[in-house]
Amino acid sequence: MGERRLLVLFGSQTGTAQDTAERIGREAKRRHLRCWVEALDSCDLANLIHEPLVVFVCATTGQGDPPDNMKMFWRFLFRKNLPAGSLCQLDYAVLGLGDSSYPKFNFVAKKLHKRLLQLGGNPLLPVALGDDQHDLGPDAVVDPWLVALWDKILALYPLPPGLEIISPNVCLPPKYTLHYLPEDSPHPESDLLQPPAPQAAPCELHPFSAPVVSNQRVTAQSHFQDVRLIEFDIAGSGITFSAGDVVMIQPQNCPEDVQQFCQLLCLEPHRRFVLEPTEPGTSLPPLLPQPCTIQYLVTHYLDISCVPRRSFFELLSYFSTNELEREKLQEFSSAQGQEELYSYCNRPRRTTLEALWDFPHTTSAIPADYLLELIPRIRPRAFSIASSMLALPERLQILVAVVRYKTRLSKPRRGLCSTWLASLNPEQGDVRVPLWVKKGGMKFPADPATPVIMIGPGTGVAPFRAAIQERVALGHGGNCLFFGCRYKSKDFYCQTEWEELVKKGLLTLFTAFSRDQEEKVYVQHRIRENRKLVWELLSSGNAHIYLAG
Ligand SMILES: Cc1cc2nc3c(=O)[nH]c(=O)nc-3n(C[C@H](O)[C@H](O)[C@H](O)COP(=O)(O)OP(=O)(O)OC[C@H]3O[C@@H](n4cnc5c(N)ncnc54)[C@H](O)[C@@H]3O)c2cc1C
Ligand SMILES: NC(=O)c1ccc[n+]([C@@H]2O[C@H](COP(=O)([O-])OP(=O)(O)OC[C@H]3O[C@@H](n4cnc5c(N)ncnc54)[C@H](OP(=O)(O)O)[C@@H]3O)[C@@H](O)[C@H]2O)c1
Ligand SMILES: Cc1cc2nc3c(=O)[nH]c(=O)nc-3n(C[C@H](O)[C@H](O)[C@H](O)COP(=O)(O)O)c2cc1C
């Protein structure tokens with residue numbers, strides 16, 4: 001029998017695959033396996049040919065695309081020159097996370113499984129296809145698949161004599177220990193919060209701290225939906241982009257939530273700490289400065305506004321000194337308690353902070369060492385770039401719909417990033433936002449003779465504003481836009497811009513104001529009415545057609 005070691009590699013865009021990978025890591029430790037859990041792009045791929053046992057946990061994003069943190073791995077794995085038997089030493093299993101309402105359901109997991117097989121890998125189990133559409137979410141597939149996985153793994157690597165599986169009642173040691181520095185340690189706050197200077201083009205690890213130039217509401221004050229056109233100054237950042245690209249924005253928690261969280265957990269915001277991995281080989285969280293303050297950790301890193309997952313309640317239950325709270329937490333972390341958890345958390349979109357309020361005894365007993373395992377990090381949000389560098393050099397604009405809605409909870413739900421962005425007022429000083437740009441899925445034709453038909457209801461028009469600005473600057477005609485909103489007088493974004501371009505003959509515009517009359521009128525109705533023109537553009541002009549929203 002070889003060394004009892006397991007590598008769990010994940011590709012995750014919004015955290016579900018990472019959470020599942022970490023669950024597998026904890027279950028492996030209970031079985032006394034040496035185990036590492038890493039994002040696919042953080043692991044040294046050359047070493048894969050020496051790994052005996054790997055579990056891959058991969059989500060599918062976009063339209064059948066791999067998540068950002070496995071893109072390098074994806075390119076590497078599909079290199080044509082990889083020899084057919086290069087992974088013949090590898091026992092592997094693939095767990096996919098997807099949503100069957102998408103046409104390319106779990107495309108990444110399926111393709112990965114096939115490719116590993118082609119490279120000589122030995123699958124321990126058929127690929128598992130977790131599905132958001134299932135009543136119980138992906139766990140409906142994940143739970144039984146994991147039971148089968150551990151049977152297979154323990155058959156290959158039995159428990160060493162004298163050892164037993166560590167009971168789920170025992171709390172495993174934390175991944176990191178948090179050491180407070182003496183209060184008078186010499187690290188000025190300004191040093192700590194200064195992001196490192198970007199080396200090349202800004203990226204997730206080195207975002208550009210972009211000054212906000214303007215933040216303008218583009219819907220009427222009387223309209224229920226707040227939509228903002230926000231402009232950033234990107235001079236000197238090294239950022240370049242073209243129409244169809246996307247800007248990633250790293251949001252932060254609001255000061256009131258940060259203060260409440262610190263109070264609930266009895267944390268002192270200004271205390272500094274350093275983190276130390278408990279096991280050698282565990283890397284430190286890349287986006288946290290060392291040393292760091294509690295204030296920074298809670299403001300910029302811990303996602304206290306996300307809806308907590310099952311693993312949150314599982315870990316929380318270990319710290320409970322109150323019997324009633326512990327029973328409830330254990331129920332939420334069990335397979336049978338998932339429907340109850342769904343109605344407590346997911347349906348009303350309860351936040352992590354609110355859940356902590358509901359378990360006050362447990363919350364005040366959370367050891368700071370476990371904070372990074374208990375609460376995931378704040379994820380960046382994507383926004384279609386709504387301006388062109390050719391029209392507005394050194395500037396980048398986005399069109400943001402501020403997320404606010406009601407559930408059965410009395411307090412309205414607010415989107416973290418859009419609410420934070422809307423709150424920024426450049427007139428109050430130097431206001432900055434950490435951002436970077438990534439290539440988008442939309443490519444506009446280089447040939448000036450190729451017309452484009454763009455269909456963008458609501459903020460879906462954002463990438464088309466960039467495309468129209470770019471194409472007009474390049475002298476490309478043939479721009480046809482179908483735009484839909486609710487009322488001509490309330491949410492007709494960029495109305496004057498479009499009207500000027502129409503006047504100059506640079507844009508053909510069709511509008512659908514859905515609520516300005518009794519009957520709903522949508523963009524699809526306008527397309528139908530103008531089918532002759534659309535067909536002409538497609539058939540004789542070879543037009544490209546785009547849809548966002
Ligand atoms: C490629 C791409 C481009 C995008 N471009 C833009 C853009 O140009 N402009 C733009 O405004 N957004 C855009 N988005 C969406 C954007 O990334 C964010 O998801 C959005 O701003 C909300 O983020 P938030 O942090 O404010 O909300 P979060 O805190 O992330 O909350 C949003 C979540 O709340 C829930 N939710 C929202 N509304 C409701 C409701 N009515 N009922 C129940 N649950 C609800 C949903 O689960 C949703 O995922 C884009 C997304 C992608 C992937
Ligand atoms: N991929 C991208 O680049 C990108 C960029 C920005 C936004 N988006 C997405 O675009 C969508 C637009 O959001 P929004 O809040 O800005 O839009 P919105 O204001 O809610 O809606 C815009 C218009 O679309 C209408 N509409 C509703 N259902 C429709 C349907 N089935 N078919 C056609 N039109 C319909 C609405 O009419 P009624 O309300 O009157 O029914 C309204 O007139 C969101 O899903 C957002 O995530 C995508
Ligand atoms: C923008 C977006 C695109 C998605 N595209 C797909 C897809 O093409 N195929 C699929 O099976 N699931 C798709 N999904 C569903 C995700 O794969 C699923 O929610 C998964 O649990 C997310 O895992 P993650 O949180 O680790 O990224 C998509 C989800 C989002 C938000």
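1. Glu231 is a residue of strand β9, which covers residues 227-233. The model discussed here is a predicted one. Glu231 has a relative accessibility of 13% and therefore counts as buried, since the limit for buried is under 20%. Outside its neighbours within four places in sequence, Glu231 touches two groups of residues: Pro211, Val212, Val213 and Ser214, and also Leu392, Arg395, Leu396 and Gln397. A residue far from Glu231 is Pro126: 105 residues separate the two in sequence, and their C-alpha atoms are 49 Å apart in space.

2. Next, the chain as a whole. The protein chain contains 18 helices and 21 strands. Its radius of gyration is 26 Å, close to the 24 Å that the globule rule gives for 549 residues, so the chain is as compact as a globular protein of that length. Along the principal axes, the C-alpha atoms fit a box of roughly 85 × 60 × 50 Å.

3. On burial and contacts, 49% of the 549 residues in the protein chain are buried. Among contacts with a separation of 6 or more, 77% are between residues 24 or more positions apart. The chain exposes about 26,600 Å², and 53% of that area comes from carbon and sulfur atoms.

4. On charge, the protein chain carries 57 positive and 59 negative side chains. The centres of these two sets are 6 Å apart.

5. How many of the eight residues of strand β4 are buried? Eight of the eight are, so β4 (residues 91-98) is largely enclosed by the rest of the structure. In a regular strand, side chains alternate between the two faces of the sheet. In β4, one side holds Asp91, Ala93, Leu95 and Leu97, the other holds Tyr92, Val94, Gly96 and Gly98, and both faces are covered. Strand β3 (residues 53-59) pairs with β4 in the parallel sense, over seven bridges. Within β4, Val94 is the bridge partner of Phe56.

6. Some backbone values deserve a check against the structure. Most residues other than glycine have a negative phi, and most peptide bonds are trans. The bond joining Gln290 and Pro291 is a cis peptide bond, with omega about -10°. Pro291 is in the loop between β11 (272-277) and β12 (292-293).

7. His32 is not a glycine, yet its phi is positive, at about 60°. This residue sits in the loop that runs between α1 (16-30) and β2 (34-39). With a relative accessible area of 26%, His32 is partly exposed.

8. Glu394 is another residue that is not a glycine but has a positive phi, here about 65°. Its place is the loop between β13 (381-384) and β14 (395-401). Is Glu394 buried or partly exposed? Its relative accessibility is 47%, so Glu394 counts as partly exposed.

9. Glu327 belongs to helix α9, residues 323-333. Glu327 has a relative accessibility of 47% and so counts as partly exposed. Thr20 is 307 residues from Glu327 along the chain, and their C-alpha atoms are separated by 23 Å.

Methods: Residues are numbered from 1 along each chain as its sequence is written. Chains are lettered from A and ligands numbered from 1 in the order in which they are written. This is a predicted model: local features need pLDDT of at least 70, side-chain atom pairs count only at pLDDT 80 or more; totals for chains, interfaces and linings use all residues. Side-chain values use heavy atoms; hydrogens and water are left out. Helices (H or I, at least four residues) and strands (E, at least two) are DSSP runs, numbered from the N terminus. The radius of gyration is taken over C-alpha atoms; the globule rule is 2.2 Å times the number of residues to the power 0.38. Buried means under 20% relative accessible area, exposed over 50%, partly exposed in between (1.4 Å probe, protein chains only). Contact means heavy atoms within 4.5 Å. Accessible areas come from the Shrake-Rupley method with a 1.4 Å probe; for residues, only the protein chains shown count as cover. Lys and Arg count as positive and Asp and Glu as negative; His and the chain ends are not counted. The place of a charge is taken as NZ of Lys, CZ of Arg, CG of Asp or CD of Glu. Two strands pair if DSSP finds at least two bridges between them.
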